[in-house]
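The report below walks through a single chain, beginning with its helices and cores and ending with its charged pairs and one loop residue. Please keep the sequence and the model at hand while reading.

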Amino acid sequence: MARPRTITDERLLEAAGTVIGKVGPGFTLAQVAAEAGVAVGTVAQRFGSKNGLLQALSRLNTRSVVGLMRDCGELADPVEALRAAVIVIYEGLGTAETAANHLGQLGVDIGDPDLRALLGDHFTAVEAELRRLTRVAARDLPGAPGVVRAARVLMGVANGAALDWSIRPKGRIVDRMGQDVDAVLTAWKGAS
């Protein structure tokens, strides 16, 4: 009879995210196991390889980010809901150092066809949620382009701000993101 699992896949993936934030793309399964407090074999058995772990982490990250964005959509003011949803995309980046390590992993992921496809799925899901929230806020954003373009612009603002902040950090990522998103949304509101 197999022993019951005492640690969830989600906990192992959380440990992987923490380790990537600390050491970047050169992380090992042994470091993930140590962070989770399990044997290396546990991580390897659950995910098969480092690549399998990264694929599972990518899927979990997509579900998590989209869920957080949907939670933001519950705010009463649709423009505030949209603003909060853009900011929450990268809210978990942490410090500039952990952000740089995660973005370093992103660079590696882009070079792998399977991980790149999962990144495509992630960006598609995030953009779909931004489209939904933009559609709800459209009445209050008369200067915005169409929903598809507006969602793409907001996603570009978020991606660009996260990259720039991780390289040239000043203040907190959420404050930087908020300022950049506010610049766009204020223009779309038609306010001066």
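Which residues in α8 are buried? In this predicted model, the buried residues of α8 are Ala150, Ala151, Leu154, Met155, Val157, Ala158, Ala161, Ala162, Asp164, Trp165 and Ser166. The cover over these buried residues of α8 includes α5, α6, α7 and α9. Helix α8 itself has 21 residues, and from its first C-alpha to its last it reaches 30 Å, close to the 30 Å expected at 1.5 Å a residue.

**Helix α6**

Helix α6, residues 96-110, can be read in the same way. With 15 residues at 1.5 Å a residue it should span 21 Å, and because its end C-alpha atoms are 21 Å apart, the expected and computed values agree. Its buried residues are Ala96, Ala99, Asn101, Leu103, Gln105 and Asp109, and what covers them includes α1 (9-23), α4, α7 (113-137) and α8 (147-167).

**Nonpolar cores**

The largest nonpolar core has 37 residues, and within this core Leu130 and Met177 have the most contacts. Two or more residues are given to this core by each of α4, α5 (78-88), α6, α7, α8 and α9 (173-189), with the largest share, nine residues, coming from α8. Met177, when its neighbours within four places in sequence are left aside, is in contact with Val86, Ile87, Tyr90, Val157, Ala158, Ala161 and Ala162. Of these contacts, Val157, Ala158, Ala161 and Ala162 are also among the buried residues of α8. Apart from the largest core lies another, of 20 residues, which includes Phe27, Val43, Phe47 and Leu115.

Phe27 also takes part in an arrangement with a charged side chain, for Lys50 lies over the face of Phe27, at 4.3 Å from the ring centre. As for ring-to-ring pairs, with ring centres required to lie within 6.5 Å, the count of aromatic pairs comes to zero.

**A buried serine in α4**

Is Ser58 buried or exposed? Ser58 counts as buried because its relative accessibility is 15%, where the cut-off for that class is under 20%. This serine is found in helix α4, residues 50-72, and, not counting residues up to four places away in sequence, Ser58 touches Leu118 and Leu119.

**Salt bridges**

Side chains of opposite charge can pair when their charged atoms come close. A search of the whole structure finds 11 salt bridges, and the table includes three of them.

| Pair | Closest N to O distance |
|---|---|
| Lys22 and Glu35 | 3.1 Å |
| Arg83 and Asp182 | 2.5 Å |
| Glu129 and Arg132 | 2.6 Å |

The salt bridge between Lys22 and Glu35 links distant parts of the chain, with Lys22 in helix α1 and Glu35 in helix α2 (residues 29-36), 13 residues apart. Glu35 is partly exposed, since its relative accessible area is 29%.

Arg83 and Asp182 likewise meet in a salt bridge, and this pair links distant parts of the chain, Arg83 lying in helix α5 and Asp182 in helix α9, 99 residues apart. Arg83, at 21% relative accessibility, counts as partly exposed, and Asp182 is partly exposed with a relative accessible area of 29%.

Where do Glu129 and Arg132 lie? Both are in helix α7, three residues apart, about one turn of the helix. Glu129 counts as buried because its relative accessibility is 4%, whereas Arg132, with a relative accessible area of 34%, is partly exposed. Elsewhere, salt bridges that share partners join Asp164, Arg168, Arg176 and Asp180 into one network, and Asp164 is also one of the buried residues of α8.

**A loop residue**

Val38 lies in the loop between α2 and α3 (40-47), and this valine is partly exposed, its relative accessible area being 22%. Once its neighbours within four places in sequence are left aside, Val38 is in contact with Ile7, Leu12, Ala33 and Val43, of which Val43 is among the residues of the core of 20 residues. The C-alpha atoms of Val38 and Gly52, which are 14 residues apart along the chain, are separated by 18 Å.

Conventions: Residues numbered from 1 in each chain as written. Predicted model: local features only at pLDDT ≥ 70, side-chain atom pairs only at ≥ 80, totals over all residues. Heavy atoms only, no water. Helix = DSSP H or I, 4+ residues; strand = E, 2+ residues; numbered from the N terminus. Buried < 20%, exposed > 50% of the residue type's maximum accessible area, 1.4 Å probe, protein only. Contact = heavy atoms within 4.5 Å. Expected span 1.5 Å × (residues − 1). Core = buried A, V, L, I, M, F, W, Y, C linked by side-chain atoms within 4.5 Å. Phe/Tyr/Trp six-rings, centres within 6.5 Å; stacked < 30°, edge-to-face > 60°. Lys NZ or Arg CZ within 6 Å of the ring centre and 35° of its normal. Salt bridge = Lys/Arg side-chain N within 4 Å of Asp/Glu carboxyl O.
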